[in-house]
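Dear colleague,

I am passing on the structure below, and I would be grateful if you could keep it open while you read the notes that follow it.

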Amino acid sequence: MSHTESPHNSPARTPGSGNRSTHSPASAKPIQIKVVLLGEAAVGKSSLVLRFVNDEFQENKEPTIGAAFLTQKVRLDDSVLKLDIWDTAGQERFHSLAPMYYRNAQAAVVVYDITRASSLDRAKSWIKELQRQASPNIVIALVGNKLDLADVTDVETSAAAAGKSADDSTGDADGDADEASDTEGRSRQVDSATASAYAAEAGLLFLETSAKTGQGVVETFTEIAKKLDLNQIAINSRTGARSGQLNSGSVNVSMLGDGSFGADGQDGSARAGSDGCAC
Amino acid sequence: MSENTLDNEEFDTIVLGTGLLESIIASELAAADKKVLHIDRNPYYGGRCACFTLSAFIEWAIEYRDQRQTPLVDIFVGSIDSDSPTFSVRRTAELKQAPAESNSTKTSSHASRLFDRLSSYLTDSQTLTEHSSITERLGKLLENDRKYAVELAPKVAYCRGELIDLVINAGIGEYIQFKGVEHNYIVRNDAVERVPDSKGDIFASDSLNLIEKRKLMKLMTAITDNDEDFAQLLGDCADMGFAQFLETKFKLSGKLLDSVIFAVARAGSRDELGARAGCERVQKYVRSVGRYGRMAYLCAMYGGGSEIAQSFCRSCAVSGGTYILSEDVRSIESRDGEDRGYAVQLGHGCVFAKHVVLDPCYAPDSLPSDSAISRAVCILDSPVFGEDTTAILSYVADAGVVSMLYATQATLAAPSGQCILYAWTNGQLSDTRALLLRALTAVSGSQARPLFTALFEAQDMQPGEGGLPELIYTAAPDSSLDFDSTVAHAQRVVARLL
């Protein structure tokens with residue numbers, strides 16, 4: 001499975017900003033960016049990424065299993081960014097994410113479900129955790145997902161809701177009593193203005209999305225890309241200050257000289273999917 | 001929330017403890033499509049090979065007495081010359097009256113809060129005026145709190161060893177950053193010397209004379225050219241100890257002999273290894289040199305074993321494993337009737353599994369075993385072997401052999417301008433304290449002053465007599481320098497369960 005730039009990542013969406021012009025266009029190697037997903041179970045984290053990377057959506061998706069991370073390239077002005085988007089692999093369910101998950105992440109997407117107020121509280125606690133644990137320059141986007149459920153109040157919604165939210169990424173199908181009760185006539189519980197005000201105060205990007213319809217999904221990642229300090233990231237990756245620079249190939253002499261490399265690069269064998277989907 | 005209960009769920013295997021050994025087992029089982037529940041009672045990953053910021057390490061030390069493994073941690077703030085540590089955290093210590101609450105309690109700094117918690121364990125040597133200077137020095141260290149990665153059981157990986165192979169096979173190389181361990185030193189008669197450990201090194205060495213160089217070259221060639229079977233090389237020396245073999249066959253003596261036995265073959269004592277075992281160790285070392293560069297070992301950044309354990313845990317989760325930290329393990333019972341297996345009572349409910357794999361310190365009736373490892377962590381105010389390097393050392397003295405690891409900002413273990421020196425040896429702290437302190441002093445020498453030193457004893461646990469028959473026990477990290485014994489143990493357990 002290989003992912004080229006999807007049409008919706010067109011440069012047209014990324015208005016110019018002069019301070020990133022140090023990367024020469026065609027020859028530039030993609031700049032690798034680690035993006036981590038955070039948020040309560042079943043808010044649609046994986047669905048957002050699946051929409052962004054594969055432009056697809058699965059109703060009643062099972063809880064996340066099997067994807068280490070997904071990769072999507074984004075073109076921004078004259079740079080190409082390769083976003084490695086890490087999923088929680090379900091370790092958020094009992095609040096047991098490992099510090100190595102946040103390690104070296106340049107961006108985080110903290111997702112809540114606009115139809116569940118409690119999920120915003122949980123998102124806020126993840127943001128605190130990031131501010132404590134992650135690198136100080138991390139770009140954080142607060143994302144209210146399931147926008148498709150916001151305004152519709154007719155029978156169709158109940159139908160969607162009966163199968164649990166259309167957008168549920170982590171179904172947790174059995175025994176989710178809470179969920180069952182509040183899926184009846186599911187509607188918005190978190191209004192835009194409140195979340196937006198919180199995000200502004202905490203210095204976060206804020207967007208509302210629907211992984212189901214695709215609304216806001218690409219924008220989320222483009223906004224993140226625009227906010228990253230690419231010059232700094234490029235410098236860091238040249239000096240070996242972060243991992244990943246050898247994912248795609250052999251260990252070359254300069255890397256050996258630097259003494260820092262991933263253990264998988266030893267014999268020049270590119271890891272499966274290092275240029276595409278690493279799942 | 002209802003999604004956060006596990007009551008009555010069935011698993012193939014429940015793994016208790018998130019040390020590297022347990023994490024490898026969990027990851028391998030999940031990769032083989034087993035349904036795994038992996039639990040730690042602590043709020044952090046890594047169990048007995050965890051890694052902490054400095055303040056978290058101090059808090060760990062304060063709590064440590066409450067666990068059953070080890071009732072003792074000594075902490076020196078500043079000099080280690082004196083016999084008396086600044087704080088002595090003991091289970092049996094009579095808690096002294098904490099000093100009267102200072103008027104700044106409300107706004108007190110992290111350092112003074114830690115000091116307040118530690119103050120019950122102050123030893124008698126300090127006067128009140130010294131207390132404020134101790135708090136001040138702790139405070140200075142804690143300004144860089146997050147720049148320290150203090151490991152409970154530091155280890156490194158052979159470049160061509162089982163751990164690296166497993167990391168590659170499990171596809172988690174992506175998660176871990178390694179740095180080369182550039183230098184290998186031997187400390188004899190309190191003098192620190194480089195160990196020439198590659199042919200190029202031997203050739204270029206200033207400290208070896210021509211005859212010594214030839215002897216070493218001959219040994220390395222003989223061992224590397226050999227295939228797995230050393231029968232021919234060993235000849236009639238097969239029953240000898242490794243030291244005697246080197247003396248007889250290669251005429252090694254003195255520093256050269258010690259370098260091969262201790263710095264390369266990592267023997268814990270002069271007569272620990274037989275000839276064959278010694279040759280195998282040297283071969284592994286020599287074969288590791290050159291795989292990723294001119295060093296034999298790799299060191300994981302941000303705190304070795306813990307970081308690698310977390311990566312295996314993520315790999316397990318990606319394959320469907322369920323993770324719970326800070327979980328209360330209340331009881332483990334055999335399940336009667338036709339359902340063979342176990343019922344484990346957790347804070348999140350009662351769960352069932354065909355197998356339970358556990359760090360023995362989770363067994364309700366486990367007891368400390370006879371073997372103990374004494375460990376020291378020492379933060380120095382100057383990077384004695386350079387800022388951007390990692391090194392292993394062996395301190396060899398009549399009183400014993402101490403393994404040491406030197407870590408700096410190269411692996412993000414210490415802030416710039418400082419370093420961490422680890423030292424460990426087999427035996428109880430009461431017997432090894434002086435040896436560990438001497439090893440630290442020999443290496444820090446006159447160039448560097450200790451800022452913070454902790455000594456503690458890591459005792460393995462063994463299940464008690466009354467334990468359930470078919471539980472599968474893991475073990476605490478051993479005193480070997482590398483991870484291969486850990487990997488081998490994990491693989492034995494996995495083989496049994498698949």
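How many residues lie between strand 9 of chain B and strand 10 of chain B in the hairpin that they form? There are two residues between them, and B:Asn189 in the turn has a positive phi of about 50°.

Before going further, please note that this is a predicted model, in which local features need pLDDT of at least 70 and side-chain atom pairs count only at pLDDT 80 or more, whereas totals for chains, interfaces and linings use all residues. Residues are numbered from 1 along each chain as its sequence is written, while chains are lettered from A and ligands numbered from 1 in the order in which they are written. Helices (H or I, at least four residues) and strands (E, at least two) are DSSP runs, numbered from the N terminus, and two strands pair if DSSP finds at least two bridges between them.

To return to the hairpin, strand 9 (residues 183-188) of chain B runs antiparallel to strand 10 of chain B and is joined to it by four bridges, and B:Ile186 has B:Glu193 in strand 10 of chain B as its bridge partner. Both strands belong to an open sheet of nine strands with mixed pairing, whose order in chain B is 5-4-20-16-19-18-17-9-10. Strand 5 (87-90) and strand 10 (191-194) of chain B are the edge strands, each pairing on one side only, and the twist averages 20° from one strand to the next. Angles here run from 0 to 180 degrees between N-to-C directions, with axes fitted as lines to C-alpha atoms, for helices over the stretch in contact.

Helix 13 (residues 429-444) of chain B lies across several strands, including strand 4 (72-77), strand 16 (367-380) and strand 20 (450-462) of chain B, and runs at about 145° to strand 19 of chain B. In the loop between strand 19 and helix 13 of chain B sits B:Gly427, which counts as partly exposed because it has 18 C-beta neighbours inside 10 Å; on this scale 20 or more other C-beta atoms within 10 Å make a residue buried, 12 or fewer make it exposed, and the partly exposed class is in between, with C-beta atoms placed from the backbone. Leaving aside neighbours within four places in sequence, B:Gly427 is in contact (C-beta atoms, placed from the backbone, within 7 Å) with B:Ala372, B:Ser374 and B:Thr432. The C-alpha atoms of B:Gly427 and B:Gln459 are separated by 9.4 Å, although the two are 32 residues apart along the chain.

Elsewhere in chain B, the axes of helix 5 (residues 162-169) and helix 14 (residues 484-497) come within 8 Å and cross at roughly 55°. That makes helix 5 of chain B oblique to helix 14 of chain B, given that angles under 35 degrees count as roughly parallel, over 145 as roughly antiparallel, 65 to 115 as roughly perpendicular and the rest as oblique. On the helix 5 side B:Glu162, B:Leu163 and B:Leu166 take part, and they meet B:Asp484, B:Val487 and B:Ala488 in helix 14 of chain B.

Chain A comes to nine helices and seven strands, and buried residues make up 47% of its 279 residues. An open sheet of six strands in chain A has the order 2-3-1-4-5-6, again with mixed pairing, and its edge strands, each pairing on one side only, are strand 2 (69-76) and strand 6 (205-208) of chain A. The twist averages 25° from one strand to the next. Strand 1 (residues 31-39) and strand 3 (residues 79-86) of chain A run parallel and are joined by six bridges, with A:Ile85 in strand 3 of chain A as the bridge partner of A:Val35. Helix 3 (residues 117-133) of chain A packs on this sheet, touching strand 1, strand 4 (107-113) and strand 5 (139-145) of chain A, and its direction makes about 160° with that of strand 4 of chain A.

With best regards

Methods
Two residues are in contact if their C-beta atoms, placed from the backbone, lie within 7 Å.
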